[in-house]
Amino acid sequence: MKDEVILAIETSCDETAIALLRNGKELLANSVNTQIEDHRRFGGVYPELASRLHLENIDQVLSYVLSLKGFDPRSITHVAVTGGPGLPGALQIGAMAAKTVASYFGVPLIDVHHLAGHIYANEFAGEFRYPLLAIVVSGGNSELVYLPRPFEFHILGETEDDAIGEALDKVARALSLPYPGGVSIDRLTKDDETIETFDLPRPKVDGYNLSYSGLKSHLLRLIQKEKAEAGGTLPPQRVKEIALSTEKAFVEQLLDKAELIKGDYDVRMVVVGGGVSANSYLRKRIRERLKGVDILIPPLWCTTDNAAMIAMAGHHMIERNLLSPLSFRTRPNRNLEEEGREKGE
């Protein structure tokens, strides 16, 4: 049988990424051109700039991957691309490139949900066991997703306001830490046993939902007050104390809800995906809190946006014949729970 070779493209936010995956197992290439330095001066992603940089970078990244030594572009059997959610202009750049490549090689196209990619990125760490709970945490998403079987998504809980990554970025900015804030907080507090923490208010949210806006606002007021009292700049140790206390409060709320779901649903495995899944405190605590089930955590290289995860999700979509026409449209506000139903499952 002919090998399945997926060329995958991811341009939903601030990474221009292209990957090659053979038979759902062998990662032949995973090239990522990040825009973090370009957006840092804005303190976050500037959408118009992101789109322009994708347009500038996509040809170079694609040419690099297709010209890899020993790789024959004619072996490509499918093209997968992130069709949403994401920044409207950024998604369009990836979709246009994917449609062009698929049309040129005469191969099927796969329109992949970005969060499905983050979930299936865990398969680079091990094999899924269903039913499973996926904890999806990033700058724009905080969702608890139940998968009773492959590619059937049920959102049991989600943030009612800010996403965890977004809230971490805002607290970090108030602490004068560089963007991306969640990464800066993790680097500042990781493996430092000398940091004393303090209790923060516990949000009261019904069911399995989450809330980070109130905690974030409380912390911003606290930081502003303490900065004023300190003459404008907090002592380095106090910055660490606030940073670690924030990290703990945000993560423990998330795991409280995950623990509730584990008790109420048949869950054999828990996986975690999204940029915040790189957080060392979360990676440690998820194993301590969610005992009695298998835990899969993606490798660090696969936590931020990349095309390898889109290829892996695309592999499972091929198995279910979930292919897309060249006329498909990107959807910036795409809902994960509708994926299977919309594609005819």
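Is cysteine 302 buried or exposed? Cysteine 302 counts as buried, at 1% relative accessibility. The legends below take this residue and others in turn, in a predicted model.

**Figure 1. Two cysteines stand apart, cysteine 13 and cysteine 302.**
The sulfur of cysteine 13 has its closest cysteine sulfur in cysteine 302, 16 Å away. That is too far for a bond. Seen from the other end, the sulfur of cysteine 302 has its closest cysteine sulfur in cysteine 13, again at 16 Å. A disulfide needs the two sulfur atoms within 2.5 Å. A search of the whole structure finds zero disulfides. The surroundings of the two residues can be read from their accessibility. Cysteine 13 is partly exposed, with a relative accessible area of 21%. Cysteine 302 is buried, at 1%.

**Figure 2. An open sheet holds five strands.**
The strand order is 3-2-1-4-5, and the pairing is mixed. Strand 3 (26–34) and strand 5 (109–113) stand at the edges. Each has a single partner strand, so one side of each is left without a neighbour in the sheet. From one strand to the next, the twist averages 20°.

**Figure 3. Strand 1 runs parallel to strand 4.**
Strand 1 covers residues 5–10, and strand 4 covers residues 78–84. Four bridges join them. Within this pair, isoleucine 6 stands opposite histidine 78 of strand 4. In general, strands of a sheet pair through backbone hydrogen bonds, either parallel or antiparallel.

**Figure 4. Helix 2 and helix 10 meet the strands.**
Helix 2 spans residues 47–66 and lies across strand 1, strand 2 (15–22) and strand 3. Its direction is at about 25° to strand 2. Helix 10, residues 307–319, packs on the sheet. Helix 10 touches strand 1, strand 2, strand 3, strand 4 and strand 5. The direction of helix 10 makes about 130° with that of strand 1.

**Figure 5. Valine 276 sits in a loop.**
The loop lies between strand 9 (269–273) and helix 9 (280–289). Valine 276 counts as buried, with 11% relative accessibility. What does valine 276 contact, leaving aside its neighbours within four places in sequence? The partners are Val137, Ser138, Ile164, Gly165, Leu168 and Leu282. One of them, isoleucine 164, is 112 residues from valine 276 along the chain. The C-alpha atoms of these two residues are separated by 7.8 Å.

Notes:
Residues are numbered from 1 along each chain as its sequence is written. This is a predicted model: local features need pLDDT of at least 70, side-chain atom pairs count only at pLDDT 80 or more; totals for chains, interfaces and linings use all residues. Side-chain values use heavy atoms; hydrogens and water are left out. Buried means under 20% relative accessible area, exposed over 50%, partly exposed in between (1.4 Å probe, protein chains only). Helices (H or I, at least four residues) and strands (E, at least two) are DSSP runs, numbered from the N terminus. Contact means heavy atoms within 4.5 Å. Two strands pair if DSSP finds at least two bridges between them. Axes are lines fitted to C-alpha atoms, for helices over the stretch in contact, and angles run from 0 to 180 degrees between N-to-C directions.
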